[in-house]
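Trainee: I am new to this structure. Can we go through it by question and answer?

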Amino acid sequence: SRYLRRSGPGIAASISVSAKLLALALGSTALAQSFVLACFLGGLALGNAVLGPAADRTSNPLRLYGRLELGIAALGLLSLPLLKALAYSGASLPWKLAAAGAILLAPTALMGGTLPALSRWSVPGLDAMRREVSRLYFLNSAGAAAGALAAGFLLIPVLGIELPVLLAAGLNLAIAVAAIALARLPRAADG
């Protein structure tokens, strides 16, 4: 179950790919990077605020996590044609920004719910909370740094834009299926 706790690389790779696609739409790499980063951080915050309490209320936070990953995979696949269409549309810059924000907000909000759901699942009691949540945050942040480096310097230059999106969605789907399957097992089998 440890591999379920490493979603950071997918988030960082998604930021890199989205920024590349938006640079086509916005005509500026700096504007695209800034806008994508703001959308991702805003979406993560929104998802944490809205889905964090849901993770506390659910009787099966691992199943919630799996469902969030499933949604991230689906929306990630959907974002590719939408961002490409936006890149080649004749819309004005304000409309492109509004559309891009709408496209990015849903999957990033779901991403923001993954850490609370995993934290709730992996922390058996209050005594272990600080240590486990700190460890999850470390793994997620370290994975994000690795994902950003891999996407920017390896995946996009070697594979282009579309294949990394498909690979990320496939990884999200595999994690979703594994999490949902593990969520059906008795809790003692998770360790």
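Trainee: Which residues make the nonpolar surface patch of about 610 Å²?
Mentor: This is a predicted model, in which local features need pLDDT of at least 70, side-chain atom pairs count only at pLDDT 80 or more, and totals for chains, interfaces and linings use all residues. Residues are numbered from 1 along each chain as its sequence is written, and side-chain values use heavy atoms, with hydrogens and water left out. Patch residues have over 30% relative accessible area and no salt bridge (a side-chain nitrogen of Lys or Arg within 4 Å of a carboxyl oxygen of Asp or Glu), and nonpolar side chains (Val, Leu, Ile, Met, Phe, Trp, Tyr) are joined within 5 Å. The patch here is made by L77, L154, V158, L159, L163, L166 and L167.

Trainee: Which helices each supply at least two residues of the nonpolar patch?
Mentor: Helices are DSSP runs of H or I, at least four residues, numbered from the N terminus. L154, a patch member, has its place in helix α5. The helices asked for are α5 (126–159) and α6.

Trainee: Is L154 buried or exposed, or in between?
Mentor: Buried means under 20% relative accessible area, exposed over 50%, and partly exposed in between, with a 1.4 Å probe and protein chains only. L154 has 48% relative accessibility, so this residue counts as partly exposed.

Trainee: Which residues touch the most other members of the largest nonpolar core?
Mentor: A core is a set of buried Ala, Val, Leu, Ile, Met, Phe, Trp, Tyr and Cys residues joined through side-chain atoms within 4.5 Å. This one has 37 residues. Those touching the most other members are L22, L62, Y65, L83, L86 and L104.

Trainee: Which helix gives the most to this core?
Mentor: α1 (8–26), α2 (29–57), α3 (61–87), α4 and α6 (162–183) each supply at least two of its residues. With nine residues, the top giver is α3.

Trainee: What does L22 contact, leaving aside its neighbours within four places in sequence?
Mentor: Contact means heavy atoms within 4.5 Å. L83, L86 and L104 are among the partners. The full list is G27, A32, F35, V36, L83, L86, A100 and L104.

Trainee: T108 lies in helix α4 (residues 93–122). Which residue's backbone oxygen lies 2.8 Å from a polar atom of its side chain?
Mentor: T108 has 0% relative accessibility, so it counts as buried. Not counting residues up to four places away in sequence, T108 touches C39, F40, G43 and L44. The backbone oxygen at 2.8 Å belongs to L104.

Trainee: What share of the 191 residues counts as buried?
Mentor: The chain has six helices and zero strands (at least two E residues). The buried share is 46%.

Technical notes: A polar contact is a pair of N or O atoms within 3.5 Å; within protein, one must be able to donate a hydrogen and the other to accept it, and residues adjacent in sequence count only if both atoms are side-chain atoms. Patches are made of residues with over 30% relative accessible area and no salt bridge: like charges are joined within 9 Å, nonpolar side chains (Val, Leu, Ile, Met, Phe, Trp, Tyr) within 5 Å. Accessible areas come from the Shrake-Rupley method with a 1.4 Å probe; for residues, only the protein chains shown count as cover.
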